[in-house]
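Student: Could we take a close look at one part, the surroundings of the ligand? Please go through them step by step.

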Amino acid sequence: VNIRDFSTDKHKKVDDYPYGGGAGMLMQPQPIYDAYKSVADTIPAENKTRVVYVTPQGYTFNQRMAENFAKSDDIIFLCGHYEGIDERVLEEIVTDYVSIGDYVLTGGELAAMVMIDSISRLVPGVLHNEISAETELFHGYLLEYPQYTRPEEWHEKLVPEVLMNGNQKKINDWRLAEAKKRTMERRPDLFDQYFALNECKEKLMQNKMIHIDMIEMINRGRAVLVAKDGNDMLLLDKETGYYHHAGDNKEFFMTLPREVRLDIKKIILHQEEMLKPVQQLFNLQNTLVCYQAVYTKRERLPISGLYRGDGKPTEDGLTIRLLTMEYADIIQNEYNNAEYQKVKEKDYIEDRIKKHRMYGAFIGEELAGFIGIHNDDSIGMLRVFEQYRGRKVGKALQTFMINKKLEMGWIPYGQFLIGDESSERIQKSLGMYMSKTPVIWVD
Ligand code: SAH
């Protein structure tokens, strides 16, 4: 939208001298406000909308912010010119002040284009549709390893031998080593974070069952290390906004900086004795107690029950496939009385479907049950409709999902509520191990 089109001046003027003197010109509030209104009025009121003023005075744009912006329905970018914009209109319309780096441009358009490019590639469906196979690399903390394509020899330089021999384990090892080396040389600041999280991971691995969610959070590049002290650590899951704590020092939370303590409103505890002190300190009432179930083997499960696994229907006609938006309401309805807070939230199931994380089992064309991957990458939301129970549909779905995760190089795990016997039976029958003690969700 051209702000000039909204000038009431006969020369289409949009700028004037700053009060109090000083160099250059400032953009006036009225044309900007009217230009903004012309866009804002076309956006449905219920949409999540953000108004970004691109300015060197904002927080510096990064990948994490891009991930965040990608979740809004609409974004309006306001691009300044000259020496900037009258403060009064900014106060009224802007929700976010964002810079693309510590240097000054003549106008905001390029900054907006940079943000638009990096945000839109994160919107599901823009780049690729299926979950891409991610390796065990710490993507998100390490720079990428060097890559090569044809020809095999160029300027008398050969492609590294290891990439040519087809041994995936050796290739992965080489890539990890190169990624570490490169990060250490080029981005020592990132490498420090990687190193610290790696130390956390090793500690967590000493009791893998109870800490599998935290381990996978690190593996998947979602973890931010907030604090670490002796055996205690606090991680923040970038995707879910949940804090995760491991350790048993009851004083640990008192030692956290004030701004961290103020931010803790939902947290997952891995040691029961921490529950009381945490509830008291942060004044949190809701708790949900779960066990973790982990599939520790690397081999895929044999296809059992009704499901054939090759996408073709069995004699009974059972197939498992990605669910589309038309099933969102049916699934959401199943969760209206759930104890599990987050699945009740409007949009959660829609988000899972949009991100290609929900699968349905169909008998003929009828939906018999469904399963999904939560935003913490755990397997969950398994349900089989009443009239299809007793036909191993649940087991087929769980088998399918475990195999799918193994294919992606992830560790299959899930959490289930204490007392959910049918769920426990399925997990055990598939050879999943249960944590001996529970994890506790507190909010
Ligand atoms: N005097 C202003 C800078 C004006 S530059 C100040 O010191 O804040 C003119 C316009 O270019 C700004 O209004 C802003 O929209 C855009 N711009 C300049 N540098 C930018 C940066 N690093 N990131 C994002 N936008 C920038």
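Tutor: Here is a walk around the ligand, followed by a word on confidence. The model is predicted: local features need pLDDT of at least 70, side-chain atom pairs count only at pLDDT 80 or more, and totals for chains, interfaces and linings use all residues. Residues are numbered from 1 along each chain as its sequence is written, and side-chain values use heavy atoms, without hydrogens and water.

Start with the shell. 20 residues surround the ligand (a residue is near if one of its heavy atoms lies within 4 Å). The closest are Y53, V54, Q57, E83 and Y103. By class, 10 are nonpolar, 9 polar and 1 charged. Here Ala, Val, Leu, Ile, Met, Phe, Trp, Tyr, Cys and Pro count as nonpolar, Asp, Glu, Lys and Arg as charged, and the others, Gly among them, as polar.

Now the backbone atoms. A polar backbone atom of V54 is 2.5 Å from a ligand oxygen. For G80, a backbone N or O atom lies 2.9 Å from an oxygen of the ligand. At Y103, a polar backbone atom is 2.8 Å from a ligand nitrogen. On its own, the ligand has 560 Å² of accessible area, and the protein covers 88% of that (Shrake-Rupley method, 1.4 Å probe).

Which elements give two or more residues to this shell? They are β3 (49–60) and β5 (96–99); strands are DSSP runs of E, at least two residues, numbered from the N terminus. β3 gives the largest share, 5 residues.

Last, confidence. The protein's mean pLDDT is 91, and 94% of its residues reach 70 or more (pLDDT is the predictor's confidence in each residue, from 0 to 100).

Definitions and conventions:
A polar contact is a pair of N or O atoms within 3.5 Å; within protein, one must be able to donate a hydrogen and the other to accept it, and residues adjacent in sequence count only if both atoms are side-chain atoms. Helices (H or I, at least four residues) and strands (E, at least two) are DSSP runs, numbered from the N terminus.
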